[in-house]
Amino acid sequence: MLTHRRHTKPGGYFELQELDCRFTSDDGSLTYDSNLSYWARLITEAAEKYNRPIPRYTDYLAWFEKAGFVDIQQNLFKCPTNPWPKHKILKDAGKYQLLAHIEGLEAVSLGLLTRALNWKPEEVKVLMAKIRPELKSRAIHSYQYKVFITARKPRHTPPVNTNSTRLGNSAPPTPNSIGPSCPNSPAPPDQINAFTPLMPITNNDETSRRGLSVRDMVNTQTDGS
């Protein structure tokens, strides 16, 4: 993040978009012993061993602060893993996310699992074959957190805070509860419940003005099993 600040003009803006690789669900339909959850644990373990740890969605805010950015704005979204929501916008997001995972998950996994965890390529392919049905199952209301952060580099740059104690443990934005988390949630419930669960909606009905969470879709989901 210090490098990004160094290459940003004074007064200029920097934007980050990141998808947390960890899967979760609000209703427990994605279990700890699922293949998706197992994959996420494996890939984060492998990345650690490869000295490239995968951040949690809660980490980025503190990095921006430590680098000395100002006017930091963070937005967090739930990105459904497949088109299980009934709402059209969320369903469309799930379609694209499913396609990305089906086409890309094996490529992401092969290098890390074979080099860091000494798996054989055939073993990775077997795991991928087990994961695909779970990715496609609309009975599993899984999603991943996607974080958007924009920030400005000050025109008169203050000294960088290199002694921040909040790296990897950033304070969440204004609380907006999203309800209980499942056992394999990507962060402790007190952190998850503090984040805004809203997806952007564009029309003018009341539900759209207040936003619509993926969790709202669980009770109205009717499109699969």
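Which backbone oxygen does the side chain of Ser-34 reach? I'll start with that one, and then work along to the helices. One caution before the answer: this is a predicted model.

The side chain of Ser-34 reaches the backbone oxygen of Thr-31, at 2.8 Å. If you want to find Ser-34 on the screen, look in the loop between strand 2, residues 24-25, and helix 2. Ser-34 has 7% relative accessibility, and the cut-off for buried is under 20%, so this loop residue counts as buried.

Now the overall layout. The protein has eight helices and six strands. Going along the sequence, the order is α-β-β-α-α-β-α-α-β-α-β-α-β-α. There are 225 residues, and 45% of them count as buried. As for contacts, take those between residues at least 6 apart in sequence: 75% of them join residues at least 24 apart.

Next, helix 2, and one residue in it. Trp-39 is in helix 2. Is Trp-39 buried or exposed? Its relative accessibility is 3%, so Trp-39 counts as buried. Leaving out residues up to four places away in sequence, Trp-39 touches Cys-21, Phe-23, Leu-105, Ser-109, Leu-127, Met-128 and Ile-131.

Ser-109 on that list deserves a second look. The side chain of Trp-39 makes a polar contact with the side chain of Ser-109, at 2.7 Å. Along the chain these two residues are 70 apart, and their C-alpha atoms are separated by 8.7 Å.

That takes us to the helix pair. Helix 2 covers residues 35-49 and helix 4 covers residues 88-116; they pack at an angle of about 50 degrees, and their axes are 9 Å apart. That angle makes helix 2 oblique to helix 4. The crossing of the two is left-handed. On the helix 2 side, the residues in contact are Trp-39, Leu-42, Ile-43, Ala-46, Ala-47 and Lys-49. On the helix 4 side, they are Leu-105, Val-108, Ser-109, Leu-112, Leu-113 and Ala-116. Sorted by class, the residues of this contact are ten nonpolar, one polar and one charged.

A reminder for reading those lists: an α-helix has 3.6 residues a turn, so residues three or four places apart point the same way.

Helix 4 has another partner to discuss. Helix 5 is residues 121-136, and helix 4 packs against helix 5 at an angle of about 155 degrees, with the axes 10 Å apart. How does helix 4 run relative to helix 5? Helix 4 is roughly antiparallel to helix 5, because angles over 145 degrees are classed that way. This crossing is right-handed.

From helix 4, the contact residues are Leu-98, His-101, Ile-102, Leu-105, Glu-106, Ser-109, Leu-110, Leu-113 and Thr-114. From helix 5, they are Pro-121, Val-124, Lys-125, Leu-127, Met-128, Ile-131, Arg-132, Leu-135 and Lys-136. By class, that contact has eleven nonpolar, three polar and four charged residues. Note that Leu-105, Ser-109 and Leu-113 of helix 4 meet helix 2, and Leu-105, Ser-109 and Leu-113 also meet helix 5.

One more residue in helix 4 is His-101. With a relative accessible area of 8%, His-101 is buried. Apart from neighbours within four places in sequence, His-101 is in contact with Phe-23, Thr-81, Leu-135 and Gln-144. Phe-23 is also among the residues that Trp-39 touches.

After helix 4 comes a loop leading to helix 5, and Asn-118 lies in that loop. Phi of Asn-118 is near 60 degrees, which is a positive value in a residue other than glycine. Asn-118 counts as exposed, at 63% relative accessibility.

Asp-71 is another case of positive phi outside glycine, with a value near 50 degrees. Asp-71 lies in strand 3, residues 70-80. At 43% relative accessibility, Asp-71 counts as partly exposed.

Last, helix 3, residues 60-67. Which residues of helix 3 are buried? They are Tyr-60, Leu-61, Ala-62, Phe-64 and Ala-67. Just after helix 3 comes Gly-68, where phi is positive at about 95 degrees.

To go back to the opening question: the partner of the Ser-34 side chain is the backbone oxygen of Thr-31. That is everything I have for today.

Conventions
Residues numbered from 1 in each chain as written. Predicted model: local features only at pLDDT ≥ 70, side-chain atom pairs only at ≥ 80, totals over all residues. Heavy atoms only, no water. Axes fitted to C-alpha atoms, helices over the stretch in contact; angles between N-to-C directions. Helix = DSSP H or I, 4+ residues; strand = E, 2+ residues; numbered from the N terminus. Parallel < 35°, antiparallel > 145°, perpendicular 65-115°, else oblique. Left-handed = near helix turned anticlockwise from the far one by under 90°. Contact = heavy atoms within 4.5 Å. Nonpolar A, V, L, I, M, F, W, Y, C, P; charged D, E, K, R; others polar. Buried < 20%, exposed > 50% of the residue type's maximum accessible area, 1.4 Å probe, protein only. Polar contact = N/O pair within 3.5 Å; in protein donor to acceptor, adjacent residues only side chain to side chain.
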